[in-house]
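I wanted to go through this model entry by entry, noting what I looked up and what came back. The notes follow the order in which I opened each topic.

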Amino acid sequence: MELVPVNEINTKHCYYIPHHFVTKESSTSTKLRVVFDASAKSSSGKSLNSILAPGLVVQPQMVENLLNFRLRPVSLVADISKMYRQIKVNPDQFNLQRLVWRRSPSEPLRHYRLKCVVFGISSSPYLATRVLLQLADDEAEQFPLGSRILKQNFYVDDLMCSLPDAKTAIHAREELLAMLSSAQFSLR
């Protein structure tokens, strides 16, 4: 996110997203998570989610992923670490993802705008999934197995895949790591 310049704070077309944090002490990766509520109505009586198109479903259904996961003897399970944060939105849309924040009650409120895909916005799952599909298309020649797996075996940022043997699984893992890394995604 970036600080909104003082001369842009009163811009007409903007939306402030209410947010709060949730802690999960048992989490090994993210103990503190920010939750955004883009369904909250603004002074116009509309929310950001009520005016956005959520996008198409462009990924396999979860049931299909689960069934395919059980077909072969060797499995791969992974997650793209902080995937949404790695995907930048169009700069024209930054002001629709504003928030106010301060480190302590003694500090003044500061206006920020988020520059990446955000949890809680209805179009975010589509945008994130569409980016992965584009990566798979762009890198299909260099990473044919990884590309196919990225298209067929991810549910948003989660991978569940089964393969015929350990050698193929190791090859798939290497391709997926390299392909995702080329786009600054970290597979864990």
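Entry 1, surface. Bearing in mind that this is a predicted model, I began with Leu66, which lies in helix H2, spanning residues 62–69. I looked up its exposure and found a relative accessible area of 41%, so Leu66 is classed as partly exposed. I then asked which residues make a nonpolar surface patch with it, and the patch of about 240 Å² turned out to be made by Met62, Leu66 and Tyr155.

Entry 2, interior. I turned to the largest nonpolar core, which has 29 residues, and noted that Met83, Phe154 and Leu180 are those with the most contacts inside it. The elements that give two or more residues to this core are strand S4 (74–81), helix H3 (124–138), helix H4 (144–152), strand S8 (158–163) and helix H5 (166–182). The largest share, 5 residues, comes from H5. I followed up Leu180 and, leaving aside residues up to four places away in sequence, listed its contacts as Ile80, Leu132, Leu135, Leu150, Phe154, Phe185 and Leu187. I also recorded a second, separate core of 11 residues, which includes Tyr15, Leu48, Leu99 and Val118.

Entry 3, a buried charge. Staying with helix H5, I looked at Glu175, which is found there. Which side chain of opposite charge is nearest to Glu175, and how far away is it? The answer is Arg148, at 8.1 Å, and I noted that Glu175 is buried yet has no salt bridge. As the cut-off for a salt bridge is a side-chain nitrogen of Lys or Arg within 4 Å of a carboxyl oxygen of Asp or Glu, I kept that 8.1 Å figure for Arg148 beside it in my notes. Apart from residues up to four places away in sequence, Glu175 touches Phe143, Pro144, Leu145 and Gly146.

Entry 4, backbone angles. Most residues other than glycine have a negative phi, and I therefore checked for exceptions to that rule. Val156, not a glycine, has a positive phi of about 55°, and its place is in the loop between strand S7 (154–155) and S8. Is Val156 buried or exposed? Its relative accessibility is 17%, so Val156 counts as buried. Gln184, also not a glycine, has a positive phi of about 70°, and I located it in the loop between H5 and strand S9 (186–187). For Gln184 I found a relative accessible area of 60%, and it is therefore exposed.

Conventions
Residues numbered from 1 in each chain as written. Predicted model: local features only at pLDDT ≥ 70, side-chain atom pairs only at ≥ 80, totals over all residues. Heavy atoms only, no water. Patch = residues over 30% accessible without salt bridge, like charges linked within 9 Å, V, L, I, M, F, W, Y side chains within 5 Å. Areas by Shrake-Rupley, 256 points an atom, 1.4 Å probe, with all protein chains shown as cover. Helix = DSSP H or I, 4+ residues; strand = E, 2+ residues; numbered from the N terminus. Buried < 20%, exposed > 50% of the residue type's maximum accessible area, 1.4 Å probe, protein only. Core = buried A, V, L, I, M, F, W, Y, C linked by side-chain atoms within 4.5 Å. Contact = heavy atoms within 4.5 Å. Lys, Arg positive; Asp, Glu negative; His and termini not counted.
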